[in-house]
Amino acid sequence: MNLPNDFIIFDLEFTAWEGSKERNWSRKGEYREIYDIGAVLVAGKNYEVKNTFRQLVTLELVPSLPQYSVDLTGITQKDIDTNGILFSEMLKKFEAFVDNRDIYAWGHDGDILQENCQLKSVENPFSMKRFNNMREVFKEHGIPADDYHISTIVEYFGEKNKHTAHQGLDDALNIVEALRLLKRSLS
């Protein structure tokens, strides 16, 4: 696989309502506001987890976490009120965690990060060129990655997800597991 020696895998959870994906968040007040970010520093040929990052983010645009999001992630408004920080603060912490490493997500979470920067008038410290789509890594090896979600890609290899689906850090860790399985399948 053509991955750097060390890199970041990250995942975002953002507000959603029943049908909002199909509507492309087009109703009044429907924003894809980030409320959870998880990331993993991965290093070496065996994809070792060297460090992790998780941060809940307070909502600034959406008055309270939609019940649909709560049901999907298990994260509650109380969790965010207790442990969340402002988006701008999270972005600084995430930038320090990432350092100068390449960044990978399952899909286009870099676009969602950029969208939140624009909505909140916060400068994005990341060039959009730094974001890579991890699905492409799997597709290069003939795996139909578009048929899977971040939390289900391990099923392609006959495994079950050992992490909580739809939570940023756990979904990022699931990708690490999938990378290890992919490497083993190529050996």
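**Figure 1. Asp 99 in the loop between helix 4 and strand 4.** In this predicted model, Asp 99 sits in the loop that links helix 4 to strand 4 (102–105); helices (H or I, at least four residues) and strands (E, at least two) are DSSP runs, numbered from the N terminus. The phi angle of Asp 99 is near 60 degrees, a positive value in a residue other than glycine. Most residues other than glycine have a negative phi. Asp 99 counts as partly exposed because its relative accessibility is 44% (buried is under 20% relative accessible area, exposed over 50%, partly exposed in between, with a 1.4 Å probe and protein chains only).

Residues are numbered from 1 along each chain as its sequence is written, and side-chain values use heavy atoms, with hydrogens and water left out. Local features need pLDDT of at least 70 and side-chain atom pairs count only at pLDDT 80 or more, while totals for chains, interfaces and linings use all residues.

**Figure 2. Ser 121 in the loop between helix 5 and strand 5.** The loop shown here joins helix 5 to strand 5 (131–133), and Ser 121 belongs to it. Ser 121 is not a glycine, yet its phi is positive, at about 55 degrees. With a relative accessible area of 70%, Ser 121 is exposed.

**Figure 3. The packing of helix 4 against helix 5.** Helix 4 covers residues 87–98 and helix 5 covers residues 109–119. The two helices pack at an angle of about 135 degrees, and their axes are 11 Å apart (axes are lines fitted to C-alpha atoms over the stretch in contact, and angles run from 0 to 180 degrees between N-to-C directions). Helix 4 is therefore oblique to helix 5 (under 35 degrees is roughly parallel, over 145 roughly antiparallel, 65 to 115 roughly perpendicular, and the rest oblique). On the side of helix 4, the contact is made by Phe 87, Met 90 and Leu 91; on the side of helix 5, it is made by Leu 113, Asn 116 and Cys 117. Contact means heavy atoms within 4.5 Å.

**Figure 4. Glu 89 in helix 4.** Glu 89 is a residue of helix 4. Its relative accessible area is 39%, so Glu 89 is partly exposed. Glu 89 and Leu 72 are 17 residues apart along the chain, and 25 Å separates their C-alpha atoms.

**Figure 5. Ser 69 and its surroundings.** Ser 69 lies in helix 2, which runs over residues 67–73. Ser 69 has a relative accessible area of 0% and is buried. Which residues is Ser 69 in contact with, leaving aside its neighbours within four places in sequence? They are Phe 14, Thr 15, Ala 16, Tyr 35 and Gly 74.

**Figure 6. Tyr 47 in the loop between strand 2 and strand 3.** Strand 2 (34–43) and strand 3 (48–56) are joined by a loop that holds Tyr 47. Tyr 47 counts as buried, at 7% relative accessibility. Leaving aside neighbours within four places in sequence, the contacts of Tyr 47 include Met 1, Leu 3, Phe 7 and Val 42. Val 176, Leu 179, Arg 180 and Lys 183 are also among the contacts of Tyr 47. The C-alpha atom of Tyr 47 is separated by 20 Å from that of Ile 37, and these two residues are 10 apart along the chain.

**Figure 7. Lys 183 in helix 7.** Lys 183 has its place in helix 7, and Lys 183 counts as partly exposed at 28% relative accessibility. Lys 183 and Asn 46 are 137 residues apart along the chain, while their C-alpha atoms are separated by 8.2 Å. Residues up to four places away in sequence are not counted in the next list. Lys 183 touches Met 1, Lys 45, Asn 46 and Tyr 47.

**Figure 8. Lys 160 in the loop between helix 6 and helix 7.** Helix 6 (134–139) and helix 7 (168–186) are linked by the loop in which Lys 160 is found. Is Lys 160 buried or exposed? Lys 160 counts as exposed, with 71% relative accessibility. Lys 160 and Asn 174 are 14 residues apart along the chain, and the distance between their C-alpha atoms is 9.8 Å.

**Figure 9. The protein as the setting of the close-ups.** The protein has 7 helices and 5 strands. Along the sequence these follow the pattern β-α-β-β-α-α-α-β-α-β-α-α. The C-alpha trace spans about 50 × 35 × 25 Å along its principal axes. Of the 187 residues, 49% count as buried. Among contacts between residues at least 6 apart in sequence, 68% join residues at least 24 apart.
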